[in-house]
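Subject: Structure for your review

Dear colleague,

Please find below the structure that I am handing over to you. I would be grateful if you would keep it open while you read the notes that come after it.

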Amino acid sequence: MGLLVEFSTISQFLKNYGLRMKYKGYYLLFLVLVLLDQFTKQIFISSFDVGQSIIINPYLSWTYLQNTGAAFSILADGGGIQKAFLLSVSVLVSVIIFLWIHKTSEYQRQKLFGQFLLLSGAVGNLIDRAQYGYVVDFIDMHVNGFYWPVFNLADSFIFIGVLLLLFQRKQPSL
């Protein structure tokens with residue numbers, strides 16, 4: 001009986017806040033991407049020492065780093081207040097993206113795909129911040145002595161999501 005009441009309460013909550021099941025395919029994508037992100041990070045946490053790098057080819061290395069800052073290690077030298085600030089910002093951004101998704105029409109597929117990629121990346125890095133106090137980075141790309149900052153799959157999801165949102169196809173006006 002208690003389980004039925006709890007399910008009913010959850011169901012009512014979902015209805016009240018407009019959480020539409022028409023996005024279930026996108027939520028499945030979200031779940032798969034977050035799990036993939038976390039799985040790859042666990043490989044590096046368990047197999048590499050911090051700073052350890054393995055060259056894959058002239059353009060790619062696996063390098064395990066712990067990013068205590070924001071994008072490109074901005075604010076990396078801060079203490080506990082900085083960690084709490086970045087965690088709070090990560091939660092806030094994830095909630096804003098979530099609410100934005102549910103204001104988007106189901107017919108705007110490219111926009112929804114971009115939003116869910118953005119949410120997947122934000123939540124993937126949020127999990128790291130909450131669990132470790134830093135974000136796990138490991139993809140190290142370089143060309144002719146130029147090194148891009150080390151990043152992870154969640155960062156890639158965010159980048160691709162932003163591109164999809166910036167270069168949306170215009171909806172025909174009726």
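The notes below describe what was found, beginning with the whole chain and moving on to particular residues.

**Confidence in the model**

Please bear in mind that this is a predicted model. The average pLDDT of the protein is 85, and 78% of the residues score at least 70. Residues 1-5 call for caution: their pLDDT stays under 50, and the model gives them zero contacts beyond four places in sequence.

**Overall architecture**

The protein contains five helices and four strands. If you follow the sequence from its start, these elements appear in the pattern α-α-β-β-α-α-β-β-α. Of the 174 residues, 36% are buried. The exposed surface comes to about 11200 Å², and carbon and sulfur atoms supply 70% of that area.

It is also useful to ask how far apart in sequence the contacting residues lie. Among contacts between residues at least 6 apart in sequence, 65% join residues at least 24 apart.

**The sheet**

The four strands form an open sheet in the order 1-2-3-4, with antiparallel pairing. Strand 1 (53-57) and strand 4 (146-147) are the edge strands, each of which pairs on one side only. Strand 2 (residues 60-67) and strand 3 (residues 135-143) run antiparallel and are joined by six bridges. Within this arrangement, L65 stands opposite D137 of strand 3.

T63 is a helpful residue to look at in strand 2. Is T63 buried or exposed? Its relative accessibility is 7%, so T63 counts as buried; the cut-off for buried is under 20%. Leaving aside neighbours within four places in sequence, T63 is in contact with G51, Q52, S53, D137, F138, D140 and V150. One of these partners, S53, is 10 residues from T63 along the chain, and the C-alpha atoms of the two residues are separated by 4.1 Å.

**Salt bridges**

Side chains of opposite charge can pair when their charged atoms come close. How many salt bridges does a search of the whole structure find? The search finds two.

In one of them, K41 pairs with D37, and the closest N and O atoms are 2.9 Å apart. Both residues belong to helix 2 (residues 24-47), where they are four residues apart, about one turn of the helix. K41 and D37 are both buried.

In the other, the side chain of K41 meets that of D128, at 2.8 Å from N to O. This pair links distant parts of the chain, since K41 is in helix 2 and D128 is in helix 4 (residues 109-132), 87 residues apart. D128 is buried, as is K41. Through shared partners, the salt bridges join D37, K41 and D128 into one network.

**Contacts between helices**

Two further residues show how the helices meet. S94 is part of helix 3 (residues 80-101). With a relative accessibility of 8%, S94 counts as buried. When residues up to four places away in sequence are not counted, S94 touches L119, A122, V123 and L126.

V123, one of those partners, is placed in helix 4. V123 also counts as buried, at 15% relative accessibility. Its contacts, apart from neighbours within four places in sequence, are F30, V34 and S94. The C-alpha atoms of V123 and S90 are separated by 7.8 Å, although these residues are 33 apart along the chain.

**A nonpolar patch on the surface**

Finally, please look at the end of the chain. F159, I160, V162, L163, L166 and F167 make a nonpolar surface patch of about 600 Å². Where is F167 placed? F167 is in the segment after helix 5 (153-166). Its relative accessible area is 59%, so F167 is classed as exposed; the cut-off for exposed is over 50%.

As you study the structure, I suggest that you begin with the network of D37, K41 and D128, and then turn to the pairing of strand 2 with strand 3.

Yours sincerely,

A colleague

Methods:
Residues numbered from 1 in each chain as written. Predicted model: local features only at pLDDT ≥ 70, side-chain atom pairs only at ≥ 80, totals over all residues. Heavy atoms only, no water. Helix = DSSP H or I, 4+ residues; strand = E, 2+ residues; numbered from the N terminus. Buried < 20%, exposed > 50% of the residue type's maximum accessible area, 1.4 Å probe, protein only. Contact = heavy atoms within 4.5 Å. Areas by Shrake-Rupley, 256 points an atom, 1.4 Å probe, with all protein chains shown as cover. pLDDT = per-residue confidence, 0-100. Salt bridge = Lys/Arg side-chain N within 4 Å of Asp/Glu carboxyl O. Patch = residues over 30% accessible without salt bridge, like charges linked within 9 Å, V, L, I, M, F, W, Y side chains within 5 Å. Pairing = 2+ DSSP bridges.
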